[in-house]
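User: I would like to go through some helix packing and ligand contacts, with the reasoning behind each term. Please start with the term that the helix angles depend on.

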Amino acid sequence: MSKNVLVIGTGTIGEPLIGLLAEHKKSLGLDSVIFFKRTPLSDERGKVEALLRKGAEIVSTSEALPEFTKLGFANIYDVEKAYEEADVIIDCTPSGNDNWDNVYSSLNQNKRFMAQGSEHGFGSFFAWGINNEVLESEDNKFLIASCNTHNIASIVKSFALDQQRELTEGRFVCLRRANDVSQNDSFSPSPTITKHTNQKFGTHHARDVHELFAQDGIELNLFSSAIKLPTQYMHTLWFTLTFDEHIKHKDILENLRDSEFLMATEKMSSNKVFSFGRDHGYHGRLLSHGIVAEQSLHVKDNTLTGYCFTPQDGNALLSSVAATVQYYYKDNWKNKMEIFNRYLFKNI
Ligand SMILES: NC(=O)c1ccc[n+]([C@@H]2O[C@H](COP(=O)([O-])OP(=O)(O)OC[C@H]3O[C@@H](n4cnc5c(N)ncnc54)[C@H](OP(=O)(O)O)[C@@H]3O)[C@@H](O)[C@H]2O)c1
């Protein structure tokens with residue numbers, strides 16, 4: 001069977017994901033990387049052109065095809081054909097759940113469907129390296145964990161679960177960028193607090209991580225807060241983990257060095273980390289789950305406190321690719337993912 005993947009949406013998430021898949025198509029063993037661009041916009045012509053040059057194919061609705069042709073895109077075809085031909089469909093829109101109701105639910109259910117983190121309820125949470133086993137289930141719908149969910153989950157996994165340390169409580173503050181550098185909307189002129197709407201978890205960030213681990217029967221005591229800062233650089237996570245026993249600073253540093261998905265940095269500002277990603281990441285993104293500010297790590301008795309930068313959306317992009325490759329190559333998908341090791345650093 002042809003190994004075709006369809007990405008819906010070409011926004012902040014879709015655009016780099018299409019690039020990541022298309023540019024590594026051969027190594028990943030994919031035949032076609034197709035993207036659905038819904039709206040023909042002349043100011044987005046350059047973006048479409050760049051994605052086509054990377055080896056992706058464009059589709060749209062039958063009504064929009066003539067407009068795209070006028071914009072100069074002759075090799076465009078109907079999204080309905082792509083819905084049939086792609087076995088992996090990755091929704092990168094803010095309407096993943098609606099698209100499920102209106103479109104995906106009536107397609108062949110042997111396909112694999114994914115949506116992005118904010119589409120809570122779409123399917124089982126997946127974060128590459130955190131809960132790979134979930135991809136072996138019978139599910140055909142997965143919710144790619146959001147960037148902050150990846151980060152918090154990696155902190156919990158690297159410093160607690162992988163070390164068999166009993167975590168009595170994990171508390172997190174997500175210091176969020178106001179918007180992405182690619183976005184005009186939602187900039188915030190001053191620090192703006194997110195309401196604690198969830199009585200048990202505070203904000204959805206702790207809830208999502210709790211749900212992710214609960215899928216494997218691990219019940220964690222987590223609480224999160226969030227505040228939006230007037231910056232377009234990366235989110236930064238403050239965390240404090242309390243264990244049932246005393247811990248040692250040197251052991252924590254060792255855990256960080258051993259962590260498969262966390263990287264360390266001596267940099268103390270998000271613009272410095274962001275800048276490294278712009279120069280050495282993929283599409284300007286670091287693909288690790290989190291970048292721990294090594295010098296922020298503080299140990300007192302049984303409590304670890306520190307800061308970790310969230311690499312924009314790079315972690316969620318890599319998870320989307322991993323879930324795609326796993327669908328087609330059940331036995332050697334992890335080997336194929338090694339192509340991305342060149343973007344993963346231990347220390348920056
Ligand atoms: N931005 C982040 O850092 C981030 C991180 C993690 C998760 N997420 C989540 O990922 C999703 C996408 O976010 P984003 O920031 O990439 O959004 P975005 O930049 O606003 O882009 C949305 C894209 O979706 C397309 N679109 C919207 N509704 C559509 C529909 N019904 N059918 C087909 N295409 C549709 C738009 O296409 P047209 O312009 O062609 O109409 C646009 O290309 C959201 O759920 C978001 O919460 C975002």
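Analyst: An angle under 35 degrees counts as roughly parallel, over 145 as roughly antiparallel, 65 to 115 as roughly perpendicular, and the rest as oblique. The model is predicted.

User: What makes α7 oblique to α8?

Analyst: Helix α7 (residues 147-159) and helix α8 (residues 204-214) pack at about 60°, their axes 9 Å apart. An angle outside the other three ranges counts as oblique, so α7 is oblique to α8. The crossing of α7 with α8 is right-handed.

User: Which residues of α7 and α8 meet?

Analyst: From α7 come N148, T149, I152, A153, V156 and K157, and from α8 H205, D208, V209, L212 and F213. By class, six are nonpolar, three polar and two charged.

User: Why is α1 called oblique to α11?

Analyst: The axes of α1 (residues 14-23) and α11 (residues 314-328) come within 10 Å and cross at roughly 45°. That angle makes α1 oblique to α11. P16, L17, L20 and L21 of α1 contact L317, S320, V321 and T324 of α11. This contact has six nonpolar, two polar and no charged residues.

User: How do you know that R177 has a polar contact with the ligand?

Analyst: The cut-off for a pair of N or O atoms is within 3.5 Å. A polar side-chain atom of R177 lies 2.6 Å from a ligand oxygen, so the pair counts as a polar contact. For Q183, a polar side-chain atom is 3.4 Å from an oxygen of the ligand. T93 has a backbone N or O atom 3.2 Å from a ligand oxygen.

Notes:
Residues are numbered from 1 along each chain as its sequence is written. This is a predicted model: local features need pLDDT of at least 70, side-chain atom pairs count only at pLDDT 80 or more; totals for chains, interfaces and linings use all residues. Side-chain values use heavy atoms; hydrogens and water are left out. Axes are lines fitted to C-alpha atoms, for helices over the stretch in contact, and angles run from 0 to 180 degrees between N-to-C directions. Helices (H or I, at least four residues) and strands (E, at least two) are DSSP runs, numbered from the N terminus. A crossing is left-handed if the near helix is turned anticlockwise from the far one by less than a right angle, and right-handed if clockwise. Contact means heavy atoms within 4.5 Å. Ala, Val, Leu, Ile, Met, Phe, Trp, Tyr, Cys and Pro count as nonpolar, Asp, Glu, Lys and Arg as charged, and the others, Gly among them, as polar. A polar contact is a pair of N or O atoms within 3.5 Å; within protein, one must be able to donate a hydrogen and the other to accept it, and residues adjacent in sequence count only if both atoms are side-chain atoms.
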